[in-house]
Each structure stands twice: as structure tokens, then as C-alpha cells.
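Visitor: I'd like a close look at a single part of this structure, and I'm new to all this. Please pick a spot and walk me through it slowly, one residue or helix at a time.

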Amino acid sequence: MSEERYGEFVLVRRHGHVAELALDRPKAMNAVSTEMARSLGAACAALGDDKDVRVVVLTSTHERAFCVGADLKERNSFSDADLVRQRPVARGAYTGVLELPVPTIAAVHGFALGGGFELALSCDVIVADPTAVVGLPEVSVGVIPGGGGTQLLPRRVGAARAAELIFTARRVEAGEARELGLVDLLVEEGRDREEALGLGARMAANSLVGLRAAKKALRLGHGLDLRAGLEVEDAAWRSVAFSGDRAEGVRAFNEKRAPEWPGE
């Protein structure tokens, strides 16, 4: 397993074709400062361009928190001009995770609040353990979810449920979060990271070309009417139908062996 650090607060660990993107600001429970946001955006840009990466798993090195959201201590010192300057940097962190072209999995334990939960929502699948507490409490401090929460949450749980959760700013514990669809898999306490990495490894056994195209079709087709969605799917199919991965996959199936994906 190799490691690479982006700034002081973001760590990337390689597990074969699975990249673990670890939030590593334990003294602040992974509160997202300007520096951390910039590093997260840079790490996502590098991972998105890396053809050896088939899956990204977003984790936390803190024992009691995934991420508590924006660094409000830093924000308290900001002038209006500072806040305006920070906005594109902050957005870059959230869109960096959201726009990763490969499957993404969040491993959540403890607090995942505000921007922390938005980072998880930006992933394709959320794995949580029973200690998880999630929520978007931004209106309680006079703002709104600004890392994608008002758009991503209703896509998960519907408009009315998202409105109730955002307008009340309430925190939701793991059991209810699973029932409501705020998280996808609930695993034994302390095993969120291991289970997420295991799920990532199962995904990463598949074709990079196929995984990227499938994610693109899922993302672009969401919310379209069926006819338009099927056109998106057809375009994605055509992008992989004549690839080396497709040829190797068919060949390996007929030869009853594991494929050796060329990744193109």
C-alpha cells in the first residue's frame, strides 16, 4: 500500500486499483478549512486523471467523526470579501468529489454534518456504522447547504423529506438514516472503512472503461424522461462497445478465465 499526501490534511492510500481518499485533520474533526478544501480538490483532480484508479473510497482518520462540515472558526474571522474569495475553493472540494469519473464510496462513522454530509452525498454509495450521525444543519447558523446538499439530498430521498431535514436542521442517527435512505449500507460498528474498501475492491475487479461509462450514464440520465435517458445510455454503450476492455471481457468469458483489463 502506497501513500501520498495532498497538503497537510488530505491523504491518498492506494489499495491496488482502489484509491482511499482520507480526510486527515483530526484536531478539528475534519472541519473543512480553505487549505483542506484546496487539497481535496487537487487530490480529486489527480485521481480523476489516473487511469490506474477504478474506485475511490472517501474515509476519515478521526475516530469519532467523518467530517463536521465547514470550519466555522476560520469563517468567523472572515470579512465578506474573504468569504467571496473562498467560495470557489470550497466549491472545488465538493464538485471534485462529485465529478470523479469512477465509482465513489463514502465510509461514514460519527458525525457527518453540513459539508461533511455533503461530501458523503457526493459519493455514489454511502456505507455507515451505528455511530453515524448525519444532517444538514446550515439554516441553524444562517446559511444554506452550499456543497450540493439542496440538490443531492432530494435526489436521494425526495423533495418533501429533503425539505423537512434541511428546514429543521435536525441530526439523524444511523438507524433512521438507513431507513430514510440517507445512507445505503449499515455495517457493524468500526467496520465502515473495511466494508467500504471491500465493496470498492469488488467494483474495481471490473473494467475501468465499463465503470466510467456506467457512471456517466447513471449521472447524465438521472432526471431525464425515459426516452432521453435511453439515448444517454446508448451513447455510453457506443463509447465502450469497440474498446479493448470489451474485447478482453468477451474473450475472457469464453475462455473461462479472469479478464486482464487493458483499461482502454
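Guide: Let's start at S207, which caps the N-terminal end of α9, with a side-chain oxygen 3.2 Å from the backbone nitrogen of V209. Labels like α9 come from DSSP runs numbered from the N terminus: helices are H or I runs of at least four residues, and strands are E runs of at least two. Before we go on, you should know that this is a predicted model, where local features need pLDDT of at least 70, side-chain atom pairs count only at pLDDT 80 or more, and totals for chains, interfaces and linings use all residues. Residues are numbered from 1 along each chain as its sequence is written, and side-chain values use heavy atoms, with hydrogens and water left out.

Back to our serine. S207 sits in the loop between α8 (192-204) and α9. Is S207 buried or exposed? S207 is buried, because its relative accessible area is 10%, and buried means under 20% (exposed is over 50%, partly exposed is in between, using a 1.4 Å probe and protein chains only). The side chain of S207 also makes a polar contact of 2.6 Å with the side chain of D245. A polar contact is a pair of N or O atoms within 3.5 Å; within protein, one must be able to donate a hydrogen and the other to accept it, and residues adjacent in sequence count only if both atoms are side-chain atoms. If you skip the neighbours within four places in sequence, S207 touches D245 and W261, where contact means heavy atoms within 4.5 Å.

Now follow the chain into α9 itself. At 1.5 Å a residue, its 14 residues should span 20 Å, and the end C-alpha atoms are indeed 20 Å apart, so the two agree. (The expected span is 1.5 Å times one less than the number of residues.) The buried residues of α9 are L208, V209, L211, R212, A213, K215 and G221. What do these buried residues pack against? Their partners are α1 (34-49), α3, β6 (104-108), α8, α10 and α11. After α9 comes G223, whose phi is positive, near 90°.

One of those partners is worth a visit: α10. The N-terminal end of α10 has a cap too, this time D225, with a side-chain oxygen 3.1 Å from the backbone nitrogen of R227. Helix α10 runs over residues 226-240, and its 15 residues should span 21 Å at 1.5 Å a residue, which agrees with the 21 Å between its end C-alpha atoms. Its buried residues are G229, V232, A236 and V240. These four cover an arc of only 75° around the axis, so they lie on the same side of α10; the arc is that of the directions from the helix axis to the C-beta atoms. Here's the handy rule behind that: an α-helix has 3.6 residues a turn, so residues three or four places apart point the same way. Turned away from that buried side is a face with the exposed residues R227, E231, W237 and R238. The cover over the buried residues of α10 includes α9 (208-221) and α11 (244-254).

Between α10 and α11 there's a loop, and S243 is in it. S243 counts as buried because its relative accessibility is 10%. Setting aside neighbours within four places in sequence, S243 is in contact with V209 and E264. That leads us back to α9, since V209 is among its buried residues.

One last stop: α3, which we met as a packing partner of α9. Helix α3 gives the largest share of the lining of the largest pocket, 6 residues. That pocket holds about 930 Å³ of space and is lined by 34 residues, with G69, A70, D71, L72 and R75 nearest its centre. On a 1 Å grid over the protein atoms alone, a pocket is an open set with protein on both sides within 12 Å along at least five of seven lines, a cavity is a set of points where a 1.4 Å probe fits but cannot get out, and lining residues have an atom within 4 Å of a point. Grid points are joined across faces, edges and corners, and a volume is the space filled by probe spheres set on the points. Helix α3 (residues 80-98) also gives the most to the lining of the largest cavity, with 4 residues. About 60 Å³ of space lies in that cavity.
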